[in-house]
Amino acid sequence: MVIKRQSNCPLCGAALTAMELVDACTELIDARLGVLESHCPHCQGCLEVMPAAGRIDIGYRVGPGNERFDVALSLPLEGLEIERTGDSSGLKLRVPGGSWAF
Ligand SMILES: [Zn+2]
């Protein structure tokens with residue numbers, strides 16, 4: 001696993017920050033794993049991300065039935081907190097100064 005402050009979009013190579021990626025998340029695509037769909041703000045390409053406390057993991061679901069999430073890259077996002085909501089069918093992300101519910 002590579003830990004960086006900033007990542008490049010695997011699709012178009014544009015520099016992305018963790019905050020941009022969180023802000024571009026549109027949908028909870030795997031409630032069990034807590035995987036969100038995000039979009040590169042530069043090429044609109046689809047990325048799979050899994051937020052965790054203090055960081056956001058970028059990767060993809062693998063295995064029969066997509067039971068695992070393989071992390072390709074981990075971006076620190078200071079103060080990020082995640083909370084499962086609605087009987088674990090929802091996900092709430094919070095950073096100092098903002099929050100998102102999926
Ligand atoms: Zn891109």
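**Note on a predicted model with one helix and 11 strands**

1. In the hairpin formed by β4 and β5, four residues lie between the strands, and G34 takes a positive phi near 80°. Strand β4 covers residues 27-30 and is joined to β5 by three bridges, the two running antiparallel; within this pair, L28 stands opposite L36 of β5. Two strands are said to pair here if DSSP finds at least two bridges between them. As general background, strands of a sheet pair through backbone hydrogen bonds, in either a parallel or an antiparallel manner.

2. Before going further, please keep in mind that this is a predicted model, in which local features need pLDDT of at least 70 and side-chain atom pairs count only at pLDDT 80 or more, whereas totals for chains, interfaces and linings use all residues. Residues are numbered from 1 along each chain as its sequence is written.

3. The secondary structure of the protein comes to one helix and 11 strands, and from the N terminus on the elements follow the order β-β-β-α-β-β-β-β-β-β-β-β. Helices (H or I, at least four residues) and strands (E, at least two) are DSSP runs, numbered from the N terminus.

4. On overall dimensions, the C-alpha trace spans about 40 × 35 × 25 Å along its principal axes. With 102 residues, a compact globule would have a radius of gyration near 13 Å, and the protein's value of 13 Å agrees with this; the radius is taken over C-alpha atoms, and the globule rule is 2.2 Å times the number of residues to the power 0.38. Among contacts between residues at least 6 apart in sequence, 42% join residues at least 24 apart, where two residues are in contact if their C-beta atoms, placed from the backbone, lie within 7 Å.

5. Buried residues make up 23% of the 102 residues; a residue is buried if 20 or more other C-beta atoms lie within 10 Å of its own, exposed if 12 or fewer, and partly exposed in between, with C-beta atoms placed from the backbone. The largest nonpolar core has 18 residues, and those with the most contacts inside it are A18, L21, V22, V49, I56 and I58. Such a core is a set of buried Ala, Val, Leu, Ile, Met, Phe, Trp, Tyr and Cys residues joined through C-beta atoms within 7 Å. The elements that give two or more residues to this core are α1 (18-23), β5 (35-39), β6 (46-52), β7 (55-62), β8 (68-76) and β10. When neighbours within four places in sequence are left aside, A18 is in contact with I56, L75, P76 and L77.

6. Strands β7 and β8 form a second hairpin to look at, with five residues between them, and G63 in its turn has a positive phi of about 95°. Eight bridges join these two strands, which run antiparallel, and the bridge partner of Y60 is D70 in β8.

7. Further along the chain, three strands form an open sheet in the order β9-β10-β11, with antiparallel pairing. Its edge strands are β9 (81-85) and β11 (98-101), each of which pairs on one side only. Neighbouring strands of this sheet are turned by 15° against each other on average, direction ignored; the axes behind this value are lines fitted to C-alpha atoms, for helices over the stretch in contact, and angles run from 0 to 180 degrees between N-to-C directions. Strand β10 (residues 90-95) pairs with β11 in the antiparallel sense over four bridges.

8. V95 deserves a separate look: this residue is found in strand β10 and stands opposite G98 in β11. Is V95 buried, exposed or partly exposed? V95 is partly exposed, because 17 other C-beta atoms lie within 10 Å. Apart from neighbours within four places in sequence, V95 is in contact with L77, G79 and L80, and the C-alpha atoms of V95 and G54 are 9.1 Å apart in space, although 41 residues separate the two in sequence.

9. The loop between β9 and β10 holds D87 and also S88, and both should be checked for their backbone angles. D87 has a positive phi of about 60° although it is not a glycine, and phi of S88, likewise a residue other than glycine, is positive and near 70°. D87 is exposed, with 7 other C-beta atoms within 10 Å, and S88 is exposed, with 10. The C-alpha atoms of S88 and L33 are separated by 9.9 Å, while the two residues are 55 residues apart along the chain.
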